[in-house]
Amino acid sequence: MGTVVDTAKKEVNRSSLSEKKVTVVFVLGGPGSGKGTQCQNIVRHFGYTHLSAGDLLRAEIKSGSENGTMIQNMIKDGKIVPSEVTIKLLQRAMLESSNDKFLIDGFPRNEENRAAFESVTGIEPEFVLFFDCPEEEMERRLLGRNQGREDDNVDTIRKRFKVYMESSLPVIEYYNSKGKVRKIDAAKTVEEVFEAVKAVFTKVIFWRHIMILLSQESSGQDRSGLMYLTITIEG
């Protein structure tokens, strides 16, 4: 049960992010689906900031902070890092960034993560980018990459797939029921996958601009931007 101070801190962080008006896209997909590579492409092409939950946890451990030591000890003892810890790191990264558009990669991993993120931050993702890839293809990629990862062997890879199927797919199903999932066929080449990704982001950005212009029109502001977009569509 949280203290009054904890509740106050949560409200401050939630309020700060709300005031910043951040846009969040969750990037989900199984191990080896290629989402990390595509996040790099999205950052370069669309100007988002890429936040990897795993990278943030590793950086916190490396910093030697009290929080980092706690995270390291939990992982060492085989315990699951609480959602609130990861969310706090994500919040801090978003507040410290000069950007207001974020790709959150590898989080939420399960329904508890999802509910906690929305409760603590007050933010729902604009949409969820889901990289759908057959297990056989993901396994081939993981076994073929030369990154020296200890967990890249058949047994551990298949255990990771099992965890992913049991934990992450319910999150995708939840957001799909809200019409927020944009599914990408991730079995294709990197170039082909990014063409599909670009189409998703271009459409979302276009309609975001339409909504802004409609909002301006309803408040009696300049309609020239909306007229230009209308001519573009009709042309």
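**View 1. Thr121, a buried residue in helix α6.** With a relative accessible area of 2%, Thr121 is buried in this predicted model. You will find Thr121 in helix α6, which covers residues 111-121. Look at its side chain: a polar atom there lies 2.6 Å from the backbone oxygen of Phe117. The side chain of Thr121 also reaches the backbone nitrogen of Ile123, at 3.1 Å.

**View 2. Phe26 and Phe117, an aromatic pair.** The structure holds eight aromatic pairs. In one of them, Phe26 and Phe117 meet edge-to-face, with 5.3 Å from centre to centre and 70° between the planes. Phe26 lies in strand β1 (residues 23-29) and Phe117 in helix α6, so this pair ties together parts that are 91 residues apart in sequence. Are these two rings buried or exposed? Phe26 has 0% relative accessibility and so counts as buried; Phe117, also at 0%, counts as buried too.

**View 3. An aromatic cluster with an arginine beside it.** Step back from the pair and you can pick out one aromatic cluster formed by Phe26, Phe107, Phe117, Tyr174 and Tyr175. Now find Arg114, which lies over the face of Tyr174, at 3.7 Å from the ring centre.

**View 4. The largest nonpolar core.** This core has 26 residues, and Met94, Ile104 and Phe117 are those with the most contacts inside it. At least two residues of the core come from each of β1, α5 (83-96), β3 (101-105), α6, β4 (127-132) and α9 (169-177). What does Ile104 touch, leaving out residues up to four places away in sequence? Its contacts are Val24, Val25, Phe26, Val27, Leu51, Leu90, Met94 and Phe117. Apart from the largest core lies another, of 24 residues, including Tyr48, Cys133, Met138 and Val200.

**View 5. Strand β1 and its partners.** Why is β1 described as largely enclosed by the rest of the structure? Seven of its seven residues are buried, so the strand is largely enclosed. Follow the side chains along β1: Thr23, Val25, Val27 and Gly29 point one way, while Val24, Phe26 and Leu28 point the other way, and all are buried. β1 pairs with β3 in the parallel sense over five bridges, and here Val27 stands opposite Asp105 of β3. β1 also pairs with β4 in the parallel sense, over five bridges. In β4, Val128 is the bridge partner of Phe26, the residue you met in the edge-to-face pair with Phe117.

Methods: Residues are numbered from 1 along each chain as its sequence is written. This is a predicted model: local features need pLDDT of at least 70, side-chain atom pairs count only at pLDDT 80 or more; totals for chains, interfaces and linings use all residues. Side-chain values use heavy atoms; hydrogens and water are left out. Helices (H or I, at least four residues) and strands (E, at least two) are DSSP runs, numbered from the N terminus. Buried means under 20% relative accessible area, exposed over 50%, partly exposed in between (1.4 Å probe, protein chains only). A polar contact is a pair of N or O atoms within 3.5 Å; within protein, one must be able to donate a hydrogen and the other to accept it, and residues adjacent in sequence count only if both atoms are side-chain atoms. Rings of Phe, Tyr and Trp (its six-membered ring) pair if their centres lie within 6.5 Å; planes under 30 degrees apart count as stacked, over 60 as edge-to-face and the rest as tilted. A charge sits over a ring if NZ of Lys or CZ of Arg is within 6 Å of the ring centre and within 35 degrees of the ring normal. A nonpolar core is a set of buried Ala, Val, Leu, Ile, Met, Phe, Trp, Tyr and Cys residues joined through side-chain atoms within 4.5 Å. Contact means heavy atoms within 4.5 Å. Two strands pair if DSSP finds at least two bridges between them.
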